[in-house]
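Below is a short series of questions and answers for a reader at the bench, worked through with the sequence and the coordinates in view.

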Amino acid sequence: GIVKCNEKGIKVINLGPGVDTAALAEAGGHLDGKITVQFSDQGKIVANDMISRLPEGGEVAILQGLAGAGATAVFEATENIELVASIPCDWGATKAYDTTKDIITAHPDLKGIFACNDVMALAAVEALAAEGRTDVLVYGVDFTADAREALKAGTMTGTMSYSSVKYTEAALKLAVAIAQGKEYAEPIYLPLTLVTKENVAELDNWA
């Protein structure tokens, strides 16, 4: 589809997760612009916030979606934090629920879980609740409606997101600029936002 647009002189902007530019180039195509976020920073921001809430340190775990979320390096570089499990859960609730149960069985002193999306984070919350555990910090990614309610209820600690409104505004501005002849060789990165149980009430109209 991108190659066909290129052939017709239609400008193409990539938003969010990246197009495989090597495969695109091999097919004879190119992008005219890219707007994204630094996805690796999501995990770094979460890990640092979790660590700040664990002054005594402790055991933490990751429910993986994609490798390279950034949290692993931060946890491993922190002296009093022990990353006891980092397990692929394929973005799904059922696997995240079962994995969380397995982790807290093997590591009853677990202090925190970073799930790479809110679906897995909410499943982790459910698994912890089934075991009577309310003392584990749980973070997700995406700031879904269900995560918003969990943050307000205090069952989730935080989630990462970015404003879809700002994303759209940036895309439209970029499209106009490119149509006017400007060129952008490098991606444009938009800021990420950490939503926590402390600031979620301030973000009711945030999108």
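Q: Which residues does Tyr139 touch, not counting residues up to four places away in sequence?
A: This is a predicted model, in which local features need pLDDT of at least 70 and side-chain atom pairs count only at pLDDT 80 or more, while totals for chains, interfaces and linings use all residues. Residues are numbered from 1 along each chain as its sequence is written, and side-chain values use heavy atoms, with hydrogens and water left out. With contact taken as heavy atoms within 4.5 Å, the residues that Tyr139 touches are Val46, Asp49, Met50, Arg53, Ile113, Phe114, Ala115, Ala121, Met156, Thr157 and Gly158.

Q: Is Tyr139 buried or exposed?
A: Tyr139 has its place in strand β6, residues 137-141, where strands (E, at least two residues) and helices (H or I, at least four) are DSSP runs numbered from the N terminus. Buried means under 20% relative accessible area, exposed over 50% and partly exposed in between, with a 1.4 Å probe and protein chains only. Because its relative accessible area is 0%, Tyr139 is buried.

Q: How many disulfides does a search of the whole structure find?
A: A disulfide is a pair of cysteine sulfur atoms within 2.5 Å. For Cys89, which is in no disulfide, the nearest cysteine sulfur is that of Cys116, 9.0 Å away. Over the whole structure, the number of disulfides that the search finds is 0.

Q: What is the relative accessibility of Cys89?
A: Two cysteines can be looked at in turn. Cys5 is partly exposed, with a relative accessible area of 24%. Cys89, on the other hand, counts as buried, and its relative accessibility is 1%.

Q: Why is one side of β1 and of β8 left without a neighbour in the sheet?
A: The strands in question belong to an open sheet of 3 strands with parallel pairing, in the order β1-β2-β8, where two strands pair if DSSP finds at least two bridges between them. Strands β1 (13-15) and β8 (188-189) have one side without a neighbour because they stand at the edges, each with a single partner strand.

Q: Which residue in β8 is the bridge partner of Ile35?
A: Strand β2, residues 33-36, runs parallel to β8 and is joined to it by 2 bridges. In β8, the bridge partner of Ile35 is Ile188.

Q: What percentage of the residues of the protein count as buried?
A: The protein has 8 helices and 9 strands. Of its 207 residues, the share that counts as buried is 43%.
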